[in-house]
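Subject: Handover of a structure

Dear colleague,

Please find below the structure that I am passing on to you. My findings follow it, arranged by sheet and then by individual residue.

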Amino acid sequence: MPLTSIVIIFILLFLIVVLFSCSLFRNAFAASPVFDQTFITDEQMSDQRNDWVQTYGNDSSHLRSDYTNLLAVDYLSDGKTLDATLWLKSNLENPSTYSQPLKKIRYGMLIAIVSLPPTSGYNGANYNYYIEAVDGKWSEYLYELSSTGSSALIKSKINYTVPFGGTTIGPGYVNLRLDLDSIHYPTAYGLSFYTAESFKTNEVRDFTSWVAIPPATIDILTRPKNIVIRQGETHLIPAEMSTPYSNNVTSITFDKQKQANFSSTGLHVSTQRIQPPLFKVEVSPQTPVGVYNIPFVASVLIATTYTTSLISGAATTPVDTATEVVDPEFQVSKKYPTIGYITGPANLTIDVIPPLTVSETFTDLWGKYGTPVAIFAGGIVGAFSTFFIDHLKSRRKHKQRAIYSSDLYFWSYRIGKVP
């Protein structure tokens, strides 16, 4: 075999190995956050008093069934897929519900990508993923949403059969699985789960509020950073709390039982202000010396969009470019929830130390006031020194003048000018 052919084969093999390695590298590192199962209850699901939202039409007499009454959601991710279970009020095995004429039932999630500006997507939602039952047939859709009022179909699976009681639909639950590759493996995103039920030209939905992915921890920064308080002192401690999504603190709650335990030692912490946070720390003279971790739970507001879109009127009459008809989905999205809350634990670490001794008190006072006192004292000493020197000079001149006058009189007397 000629040398040239051997070199070409070697180069081709090298390129194949490099490309294969790069592919493995991408597959290994192209992943969204991994997190364990997270559970949100009905009380956490919406900030609205009424769970149901009439998304279009004005008649709900054939709607609001237990099959779309969303009670709770749990979700988790391995970084490659997002798995969610929607728990419903209905626990009855009745697959015929999904086969009623003129009726549609949908289970889905809205996805907001944190790295994109709040004005992108539609009312904060960048993607809409759902499964839908029409006449007993199921379909799966993933749409990318635009602030212009358009949508792009990313993937779909049309008219497949889901046996009731199987792995996807069962009595009282629905399982959803989203391939995160289809939304480019976001590193941080928000989710709002929902159910929808429509009959003819009317529809209602049940939304959760937005939740943060990955579940965010709340970081706290106090001023000073290290809280050191002596027995018998009371301090006001300003603080900042933040997450990757927001620093808008809406509530701070201390555990009453643990707070009572700390209060029994004479240490008491209270919230003077929520935004920005301000804590009052009271340490009695009897509080034992030591380091105390005061746990509390804080809630931070997150928003997926501004109250007024920067693209005024862009989606007032959204028209599908293919069918040239108004897409009701975008009329619905005017009522997407645009706020949610991140609630998580945090700690205040307080170091209680003994009170100042007499020598420490003097050193502390001298450290605070020594310089101005020294300057003031120096000024007094300088002024007194100037006055004293001037006084001495004045006395010396007076004495010299007296001596001169005496001498003048003496010599005048000697020469007979003085009788």
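Please note that this is a predicted model. I begin with an open sheet formed by four strands, which follow one another in the order β14-β16-β19-β18 with antiparallel pairing. At its edges stand β14 (219-222) and β18 (267-273), each of which pairs on one side only. On average, neighbouring strands of this sheet are turned by 30 degrees against each other, direction ignored.

Within this sheet, β18 and strand β19 (residues 278-283) run antiparallel and are joined by six bridges. One pair of bridge partners consists of T271 and F279, the latter in β19. The connection from β18 to β19 is a hairpin that passes through four residues. Strand β19 also pairs with strand β16 (residues 234-242), again in the antiparallel sense, over five bridges. Here P238 is placed opposite L278 of β19.

A further open sheet contains five strands in the order β1-β3-β4-β10-β9, and its pairing is antiparallel. Because β1 (35-40) and β9 (169-170) are the edge strands, each with a single partner strand, one side of each is left without a neighbour in the sheet. Inside this sheet, seven bridges connect strand β3 (residues 70-77) with strand β4 (residues 81-88), which pair in the antiparallel sense. Among the residues involved, Y75 has A84 in β4 as its bridge partner.

I turn now to three individual residues, each of which lies in a strand.

The residue N128 belongs to strand β6 (residues 127-134). Its relative accessible area is 1%, so N128 counts as buried, the limit being under 20%. The side chain of N128 makes a polar contact of 2.8 Å with the side chain of Y194.

The residue S198 is part of strand β11 (residues 189-199). With a relative accessible area of 6%, S198 is likewise below the 20% limit and therefore buried. If neighbours within four places in sequence are left aside, S198 is in contact with Y56, L63, L102, K103, K104 and E203.

The residue E144 is found in strand β7 (residues 137-145). Is E144 buried, partly exposed or exposed? Its relative accessible area is 35%, which lies between the 20% and 50% limits, so E144 is partly exposed. Apart from neighbours within four places in sequence, the residues in contact with E144 are N126, Y127, S150, S151, A152 and I154. As for a position further along the chain, E144 and I183 are 39 residues apart, and their C-alpha atoms are separated by 8.7 Å.

When you view the model, you may wish to start with the hairpin between β18 and β19, then follow the strand order of the five-stranded sheet from β1 to β9, and finally look at the side chains of N128 and Y194, which are joined by the polar contact.

With kind regards

Notes: Residues are numbered from 1 along each chain as its sequence is written. This is a predicted model: local features need pLDDT of at least 70, side-chain atom pairs count only at pLDDT 80 or more; totals for chains, interfaces and linings use all residues. Side-chain values use heavy atoms; hydrogens and water are left out. Two strands pair if DSSP finds at least two bridges between them. Helices (H or I, at least four residues) and strands (E, at least two) are DSSP runs, numbered from the N terminus. Axes are lines fitted to C-alpha atoms, for helices over the stretch in contact, and angles run from 0 to 180 degrees between N-to-C directions. Buried means under 20% relative accessible area, exposed over 50%, partly exposed in between (1.4 Å probe, protein chains only). A polar contact is a pair of N or O atoms within 3.5 Å; within protein, one must be able to donate a hydrogen and the other to accept it, and residues adjacent in sequence count only if both atoms are side-chain atoms. Contact means heavy atoms within 4.5 Å.
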